[in-house]
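Good morning, everyone, and thank you for making time for this. Please take a moment to look at the sequence and the structure as they come up, and then I will walk you through them.

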Amino acid sequence: MAKTPLLIDTDTAGDDTVALLFGLLDPRLDLVGVTVCAGNVGFAQMVENALYTVEVAGRGGQVPVYPGCRRPLVRPWDTVENIHGAKGMGTGDFPPARQRPEALHAAQAIVRLAEAHAGELGIAGIAPVTHLAVSMMLDPGLPRRWATSPRPPSTTSGSTPRRLASCWRPVSR
């Protein structure tokens, strides 16, 4: 059975590392990239957290990590170290990863990966939707080429703003 290509868009703190581990370790998925957006803690630390998680899963050097938007588009960036800790991983103090981030901007990576996996790429947007917005500005036809798109909050689906925080958080750049 063919694996489903997946991209995870994250603002990597402890909660997102769990989702990354599922994407990295599920044999049905081909995690083709991780994009990191401004969100939970300092940007460089979120990138490092993503790289470290890829290595912990035994996939170091196999899954590219693309840094992207480093600040919000429309309002000041508010981090939540009070929830995730200064490094986004509670009180953990983990060594730097050996793998380094890619030079390509996350929004450009989304466009390229959507082209490479047209109609098949799943996007798990667990960060503010900044990269999806910027990638659609780069390529307005992009949503027709990915297999899934963010679902807006709905009062009939049982969704709440807390459950769909990524849809409610401000777009960042």
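Before I give a figure for the surface, let me say that accessible areas here come from the Shrake-Rupley method with a 1.4 Å probe. On that basis, the accessible surface of the protein comes to about 9000 Å², and 57% of it belongs to carbon and sulfur atoms. Please keep in mind throughout that this is a predicted model.

Let me begin with the overall layout. The protein has 6 helices and 4 strands, and if you follow the chain from the N terminus, the elements run β-α-β-α-β-α-α-β-α-α. Of its 173 residues, 46% count as buried. Among the contacts with a separation of 6 or more, 81% are between residues 24 or more positions apart.

The helix I would like to spend most time on is H2, which covers residues 43–56. With 14 residues at 1.5 Å a residue, H2 should span 20 Å, and its end C-alpha atoms are indeed 20 Å apart, so the expected and the computed values agree. How many of the residues of H2 are buried? The count is 11 of 14, and the helix is therefore described as mostly covered, since buried means under 20% relative accessible area. Those buried residues include Phe43, Met46, Val47, Leu51, Tyr52 and Val54, and also Glu48, Asn49 and Glu55. As for what they pack against, the partners are helix H1 (14–25), strand S2 (29–36) and strand S3 (65–67). After H2 comes glycine 58, whose phi is positive, near 80°.

That brings us to the interior. In soluble globular proteins, nonpolar side chains tend to be buried together. Here the largest nonpolar core has 18 residues, and those with the most contacts inside it are Leu24, Leu31, Val34, Val36 and Val65. S1, H1, S2 and H2 each supply at least two residues of this core, and the largest share, 6 residues, comes from H2. There is also a second, separate core of 13 residues, which includes Ile110, Ala114, Leu132 and Leu142.

To see one member of the largest core in its surroundings, take leucine 31: leaving aside residues up to four places away in sequence, leucine 31 touches Leu6, Leu7, Ile8, Gly23, Leu24, Arg59 and Val63.

Two residues of the second core, Ile110 and Ala114, are also among the buried residues of helix H4 (residues 106–116), together with Ala106, Ala107, Ala109, Val111 and Leu113. What covers the buried residues of H4 includes strand S1 (4–10), S2, S3, strand S4 (122–125) and helix H5 (130–138).

Now to the charged residues. Side chains of opposite charge can pair when their charged atoms come close. The count of salt bridges comes to 2. In one of them, aspartate 26 pairs with arginine 28, with the closest N and O atoms 2.6 Å apart; aspartate 26 is buried, at a relative accessible area of 16%, whereas arginine 28 is exposed, at 54%. In the other, arginine 100 pairs with glutamate 48, and here the closest N and O atoms are 2.8 Å apart. Arginine 100 lies in the loop between helix H3 (81–84) and H4, while glutamate 48 lies in helix H2, so this pair ties together parts that are 52 residues apart in sequence. Glutamate 48 is buried, with a relative accessible area of 16%, and arginine 100, at 42%, counts as partly exposed.

Finally, the cysteines. How many disulfides does the count come to? The answer is 0, and cysteine 37 and cysteine 69 make a useful pair to look at. Cysteine 69 is placed in the loop between S3 and H3, and although it is 32 residues away from cysteine 37 in sequence, the two are 5.2 Å apart in space, C-alpha to C-alpha. Why, then, is there no bond between the sulfur of cysteine 69 and that of cysteine 37? The two sulfur atoms are 5.5 Å apart, which is too far for a bond, since a disulfide needs them within 2.5 Å. Both residues are covered: cysteine 37 is buried at a relative accessible area of 0%, and cysteine 69 counts as buried at 3%.

Conventions:
Residues are numbered from 1 along each chain as its sequence is written. This is a predicted model: local features need pLDDT of at least 70, side-chain atom pairs count only at pLDDT 80 or more; totals for chains, interfaces and linings use all residues. Side-chain values use heavy atoms; hydrogens and water are left out. The expected span of a helix is 1.5 Å times one less than its number of residues. Buried means under 20% relative accessible area, exposed over 50%, partly exposed in between (1.4 Å probe, protein chains only). Contact means heavy atoms within 4.5 Å. A nonpolar core is a set of buried Ala, Val, Leu, Ile, Met, Phe, Trp, Tyr and Cys residues joined through side-chain atoms within 4.5 Å. A salt bridge is a side-chain nitrogen of Lys or Arg within 4 Å of a carboxyl oxygen of Asp or Glu.
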